[in-house]
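Colleague: I should like to learn how the features of a model such as this one are read. Could we go through it together?

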Amino acid sequence: MEKRKVEIVVISDVHLGTYGCRAKELLKYLKSIQPQTIILNGDIIDIWQFSKRYWPETHMKILRKLMKFVVEGVPVYYLTGNHDELLRKFADMQLGSFYLQNKLVLELDGKKAWFFHGDIFDITMQHSKWLAKLGAIGYDSLILLNSMVNWYLELFGREKMSFSKKIKAKFKDAVKFINSFEQTAAGLAINSGYQYVVCGHIHQPEKRTINTDDGEVLYLNSGDWIENLTALEYNDHTWSIFKYDAKQFAKEEEVEYGQLSDGEDLQSKLDVQTLLKKIKLEIA
């Protein structure tokens, strides 16, 4: 499949290391594009739930693919989120074309774009982190249960369903939180003189202009790679939401564990494994 050229791609909330992570789909997407810049907007590695008991080869391949972009000279900005907040102590680190930061400002065709994960707007994160972590475990369990139910639904030719989306739709507080999150991000961006504000965190892909008494801003959210399977793309002065559709991707041959592909060498794999070992030591 010919690689599609993308000026900027923004991905967030991948949650590598959890059962809900859709690494296979993300890997297919990454292999299908030729980006000029990659922005990883938080919660890429889920350090909150990181465990040596669950780290599939597909999750390793995502890191190896991202490292391959770095080796090729593609700027990759890793912006920290709440699930990978442990990395914040290493913020402002640069290794070649890899940048680890808490936030990012880029000028795009004369307009300023402000990128950050968005957990600073989450009251639970600020005052009850234990509750947020408990909620993360519950969410991952819900996704695992949901995937089992959907497997049976597909088996009988029924349409898939999303438990979390149904729950969010039925609880007014969830809808209220999302609206408040978006308005708060937009208000701060307008007051700071930004034309674009790009977040993650709430797993809700969005592109819409928000107006306040002080002006307007284009609010964007990259969604997630657990349920929505979405990314943001910037091309020809325009932002768009990419939505993964399995029908658009040819079935690729599965790579056995330990086998290398895409011209990746053994050293690149060892480097990633060393990085993960360092993260484990930090957690311990």
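Modeller: We shall take the overall fold, the sheet, the helices, the cores and the cysteines in turn. Please keep in mind that this is a predicted model.

Colleague: Let us begin with the whole chain. How many helices and strands are there in the chain?

Modeller: The chain has seven helices and 12 strands. Of its 284 residues, 48% count as buried. Among contacts with a separation of 6 or more, 68% are accounted for by residues 24 or more positions apart. The chain exposes about 15,300 Å², and carbon and sulfur atoms supply 54% of that area.

Colleague: How should I read a sheet, and what is the order of the strands in the open sheet here?

Modeller: The strands of a sheet pair through backbone hydrogen bonds, in either a parallel or an antiparallel sense. In this model, an open sheet of seven strands follows the order 4-5-3-2-1-11-12, with mixed pairing. Strand 4 (93-95) and strand 12 stand at the edges with a single partner strand each, so one side of each lacks a neighbour in the sheet. On average, neighbouring strands of this sheet are turned by 25° against each other, direction ignored.

Colleague: In which sense do strand 3 and strand 5 pair?

Modeller: Strand 3 and strand 5 pair in the parallel sense, over four bridges. As one instance, L79 has Q101 in strand 5 as its bridge partner.

Colleague: Which strands does helix 1 lie across?

Modeller: Helix 1 lies across strand 1, strand 2, strand 11 and strand 12, and runs at about 140° to strand 1. Helix 2 also packs on the sheet, where it touches strand 2, strand 3, strand 4 and strand 5. The direction of helix 2 makes about 115° with that of strand 2.

Colleague: Why is helix 1 described as largely enclosed by the rest of the structure?

Modeller: A residue counts as buried when its relative accessible area is under 20%. Helix 1 (residues 23-32) has 10 residues, and eight of them are buried, so the rest of the structure largely encloses this helix. Those buried include L26, L27, Y29 and L30, and also E25 and K31. The cover over the buried residues of helix 1 includes strand 1 (4-11), strand 2 (33-41), helix 2 (57-71), strand 11 (230-235) and strand 12 (238-243).

Colleague: Which residues have the most contacts inside the largest nonpolar core?

Modeller: They are I11, L16, Y29, L30 and W225, within a core of 36 residues. Strand 1, helix 1, strand 2, helix 2, strand 3 (76-79) and strand 5 (98-101) each give two or more residues to this core. Apart from it lies another core, of 17 residues, among them Y77, L108, V198 and W239.

Colleague: What is Y29 in contact with, leaving aside its neighbours within four places in sequence?

Modeller: Y29 is in contact with R4, V9, I11, W225, A231, E233, F242 and F249.

Colleague: Is E182 buried or exposed?

Modeller: E182 is buried, with a relative accessible area of 2%. This residue has its place in helix 6 (residues 172-191). Not counting residues up to four places away in sequence, E182 touches I202, E206, R208, I210 and Y219.

Colleague: Finally, how many disulfides does a search of the whole structure find?

Modeller: A disulfide is a covalent bond joining the sulfur atoms of two cysteines. The search of the whole structure finds zero disulfides. C21 is buried, with a relative accessible area of 8%, and C199 is buried as well, at 0%.

Methods. Residues numbered from 1 in each chain as written. Predicted model: local features only at pLDDT ≥ 70, side-chain atom pairs only at ≥ 80, totals over all residues. Heavy atoms only, no water. Buried < 20%, exposed > 50% of the residue type's maximum accessible area, 1.4 Å probe, protein only. Contact = heavy atoms within 4.5 Å. Areas by Shrake-Rupley, 256 points an atom, 1.4 Å probe, with all protein chains shown as cover. Core = buried A, V, L, I, M, F, W, Y, C linked by side-chain atoms within 4.5 Å. Pairing = 2+ DSSP bridges. Axes fitted to C-alpha atoms, helices over the stretch in contact; angles between N-to-C directions. Disulfide = S-S within 2.5 Å.
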